[in-house]
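Reader: I should like to discuss how the nonpolar side chains are arranged in this structure. Please show it before we begin.

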Amino acid sequence: MDKQTFLTMSPSKRGVQEINKLLQDHDLKEISDLIGIPSISFRKMMRERDYIYHKADKKYYPFILSEEEKNTN
């Protein structure tokens, strides 16, 4: 995957599908290097639309607020 492809993908596809496939063989730093963007920018983009990285699983998951948390925001 190149930088342009990554930047034009929807956040859901970017977070759940393609990046999780890459995480099977690479770590986050290697993926950001493959794409050609700084690691910190890559992680920030992946957090868009509330995706979080679960280190033990080596996967991104959607972050979902509980109803209680939604009501306090």
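Reader: Which residues form the largest nonpolar core?

Author: The model is a predicted one. Its largest nonpolar core has 11 residues. These are Phe-6, Ile-19, Leu-23, Leu-28, Ile-31, Ile-35, Ile-37, Phe-42, Met-46, Tyr-51 and Tyr-60.

Reader: Which helix supplies the largest share of this core?

Author: At least two residues of this core come from each of helix H3 (28-35) and helix H4 (39-47). The largest share is 3 residues, and the helix supplying it is H3.

Reader: Is Leu-28 buried or exposed?

Author: Leu-28 is found in helix H3 and belongs to the largest nonpolar core. The cut-off for a buried residue is under 20% relative accessible area. Because the value for Leu-28 is 16%, this residue is buried.

Reader: Which residues does Leu-28 touch, not counting residues up to four places away in sequence?

Author: In space, Leu-28 is 9.0 Å from Lys-58, C-alpha to C-alpha, while the two are 30 residues apart in sequence. Lys-58 is not among the listed contacts of Leu-28. With residues up to four places away in sequence left out, Leu-28 touches Leu-23, Phe-42, Tyr-53 and Tyr-60.

Reader: Which residues form a nonpolar patch on the surface?

Author: The patch has about 260 Å² of accessible area in total. Its members are Ile-52, Tyr-61 and Phe-63.

Reader: What does Phe-63 count as, by relative accessibility?

Author: Phe-63 is found in the loop between strand S2 (59-62) and helix H5 (67-72). Values between 20% and 50% define the intermediate class. Because its relative accessibility is 38%, Phe-63 counts as partly exposed.

Definitions and conventions: Residues are numbered from 1 along each chain as its sequence is written. This is a predicted model: local features need pLDDT of at least 70, side-chain atom pairs count only at pLDDT 80 or more; totals for chains, interfaces and linings use all residues. Side-chain values use heavy atoms; hydrogens and water are left out. A nonpolar core is a set of buried Ala, Val, Leu, Ile, Met, Phe, Trp, Tyr and Cys residues joined through side-chain atoms within 4.5 Å. Buried means under 20% relative accessible area, exposed over 50%, partly exposed in between (1.4 Å probe, protein chains only). Helices (H or I, at least four residues) and strands (E, at least two) are DSSP runs, numbered from the N terminus. Contact means heavy atoms within 4.5 Å. Patches are made of residues with over 30% relative accessible area and no salt bridge: like charges are joined within 9 Å, nonpolar side chains (Val, Leu, Ile, Met, Phe, Trp, Tyr) within 5 Å. Accessible areas come from the Shrake-Rupley method with a 1.4 Å probe; for residues, only the protein chains shown count as cover. A salt bridge is a side-chain nitrogen of Lys or Arg within 4 Å of a carboxyl oxygen of Asp or Glu.
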